[in-house]
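Colleague: Hi, have you got a minute to go through this one with me?

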Amino acid sequence: MCESRVNEVSTIVRNIKYDRHVYDSENVIEKENPYYSKKYEEAYKKSITNPEEFWPEVGKLVTWTKPWDKVMDHSHPPFTKWFAGGELNACYNAVDRHVEAGRGSKVALIHDSPLTKTVRKITYAELLDQVSHLAGALAKLGVSKGDRVLIYMPLIPEAVIAMLATARLGGVHSVVFGGFAARELCARIVHAEPKVIIAASCGIEPHKIVRYKDILNDAIEWSSHKPNKCIIFQRRNVECAPIDVEMDILWEDALKMAGPHECIPVEANDPLYILYTSGTTDQPKGIQRPVGGHIATLTWSMSVIYGMGPNDVWWAASDLGWVVGHSYICYAPLLYGITSVMYEGKPDRTPDPGQYFRIINEHKVNAIFTVPTAFRVIHREDPDIEFGRKYSIRSLRTIFVAGEHCDYETKMWAEKTFNVPVLNHWWQTETGHAITATCLGYGHNLSPPKYTAGMPFPGYDIKILRSDGMEASNNELGRIVIKLPLPPGTMSTLYQAPERFCQVYFSRYPGYYDTMDAGYKDEYGYIYVTARDDDVINVAGHRISTSALEDVVLAHPDIADATVVGVPEHTKGEVPLCLYVIKRNAKKSEVAISRDLLRMVRELVGPIAAFRMAVAVRGLPRTRSGKTCRKSISDLARNKEVRISGTVEDPTVYKDIKAALQKLGFAHTAPDPQ
Ligand code: COA
Ligand code: AMP
């Protein structure tokens, strides 16, 4: 990006008018350090050196039915407890307290679906009515404190209602993303053992109807655990599903089953939800989120990170099946009492690439949170903004991106197009909120250095470690770790797997949380996240485990060996590539096997994996201890020079792999692997 463009954007950014409480230029000592913020420095330092004094200020932002006894209990690391002994209810804080304060007529949710051509607005009072009645139904079906409710729904308000109704009873929800296939859903049902499942008849994608109820029926049939009942929301304006009179209750009948249910207080460290995410094995990890610290931190983040005011409109363009959806479509905006937009559509083709602009214009959106991929597709489909130009986007103040690496071209394009700062921040399902960010509430410089994901958010004592465990110097690449304790709101454990929790995250670097991301820190303290350092890949901002894909591939009867790696792709950032070795006595041809693999992954993992490349090779690079050298393969696809490790059993396989990659269109001008 040329220098003049950078200056132009900086001018735009400086000219933007922010509320005084949000952007305070006097707070920035420009001459000494253009990025210095006194407010931030003081807050950050206090959060690390004196957490017992820092966090109560955040805790006070939500309503407690019983005050906490102890701010932090770090006696059994890594199982830190925050606000120990305090009691509260997440649903009360997200819904009831706004209605009690006289803000019942305020719009809580705007559901905008170009796929069904509908816009629905739901006020806080309406939300309370539906949530409390659904909670009544759940209670009648046997759900009480600590019981799990699994939710399998598309991005519709009923999914938020289901989450809040579960939380109202002190239950634990587990939302499963609709793009996963029945096998993945089944694995989650078996693990979470829900008493009730709440599902929709279908989801809707641009080119197909996704029959959620059919997928659910298969998953329940295969599952060793059966729920007591399923509550089914029929999407009458799309497609209804056949109902099993024994097992299923219609949503509208459930709402009439019982009266409204009150909020049940829970202890601050009780679980609010379980959210399954990909790990380095084929078994997803059930991230368990504690209620108290999480809802307090989320409420606070709306002003301190995102600079939202009490009358603002917020839009997180994600899905409730991901952590961004949990935190920033459902909980944070509602806890903060503002309006949250739910957009059921794609950025580029429902029906055109002008939709982001239309939504901003129509709902007067003040800030967006999305993934860089969304801008890459709009840019690709409508480089001159012919579709978007007709809408006014004057209400927009800021765009926040996360979920994957944000390339500079995309950031600059989005800044120029939307005429607001595009602020990258880094986080994980495990943390539930940003680990690093540009904090509007602290008056951070809105033109942070190129490529950075921001400054460490309070509570995160971030270190960059070399492979020998020593701390890296400034600008030196290493593993990003966080010194314990992790701040309030981050995961408390892995559901029913505390040993795995300790082993996965805390065993490699004792005393630290291992983020499994690689990156570096600069002289100003900014953090840069370069890549995932394990076997997880990031497809259009979705986290996919290569092991889970390999597991499916290896089940093919004609395959002797296989590996799946992430390779670069222009729009989605990264997509999976499978290299496999055919058995000597194989019954099928390579073409037929590859076709089988694409179908198997769609059926068993789901279309969201975007698994479209599978090719046969003579052999795979394996070390003598049996490890596949995945990184060297993905480096080859990235046109990087590959140095063959001395422990690789058969280095000649690289020649064949290089040829296979070239056939797929990957250029390789770097020297041959040696
Ligand atoms: N339920 C069922 N199926 C779903 C689904 C859902 N909620 N979401 C996606 N799918 C399916 C799609 O229909 C597609 O199936 P196909 O292979 O039959 O076409 C497949 O999963 C891949 O979907 P997607 O990743 O959306 O790819 P795409 O090519 O259709 O669209 C983008 C690409 C970039 C437009 C899309 O990924 C996107 O909007 N991403 C940005 C926003 C976002 O949601 N980020 C989430 C992380 S915070
Ligand atoms: P998830 O748990 O699905 O939110 O994915 C978390 C992973 O996404 C992180 O471990 C990173 O690898 C990646 N990620 C999230 N935010 C960023 C970012 N701003 N820059 C680079 N990678 C990111």
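Modeller: Sure, here is a short chat about the ligand site and one helix pair.
Modeller: This is a predicted model, with local features needing pLDDT of at least 70, side-chain atom pairs counted only at pLDDT 80 or more, and totals for chains, interfaces and linings using all residues. Residues are numbered from 1 along each chain as its sequence is written, chains are lettered from A and ligands numbered from 1 in the order in which they are written, and side-chain values use heavy atoms, leaving out hydrogens and water.

Colleague: Great. How many residues surround ligand 1?
Modeller: There are 27, each with a heavy atom within 4 Å of the ligand. The closest are E205, K208, K346, R349 and R602.

Colleague: And what's the mix by class in that shell?
Modeller: Twelve nonpolar, seven polar and eight charged residues. Here Ala, Val, Leu, Ile, Met, Phe, Trp, Tyr, Cys and Pro count as nonpolar, Asp, Glu, Lys and Arg as charged, and the others, Gly among them, as polar.

Colleague: Which atom of ligand 1 does R612 sit by?
Modeller: A polar side-chain atom of R612 lies 3.0 Å from an oxygen atom of ligand 1. For Y212, a polar side-chain atom is 3.3 Å from a ligand nitrogen atom.

Colleague: How much of ligand 1 does the protein cover?
Modeller: 87% of the 940 Å² of accessible area that the ligand has on its own, by the Shrake-Rupley method with a 1.4 Å probe.

Colleague: Switching topic: at what angle do α5 and α6 pack?
Modeller: About 60 degrees, with the axes of α5 (residues 124-140) and α6 (residues 157-168) 8 Å apart. Axes are lines fitted to C-alpha atoms over the stretch in contact, and angles run from 0 to 180 degrees between N-to-C directions. Helices are DSSP runs (H or I, at least four residues), numbered from the N terminus.

Conventions. A polar contact is a pair of N or O atoms within 3.5 Å; within protein, one must be able to donate a hydrogen and the other to accept it, and residues adjacent in sequence count only if both atoms are side-chain atoms. Helices (H or I, at least four residues) and strands (E, at least two) are DSSP runs, numbered from the N terminus.
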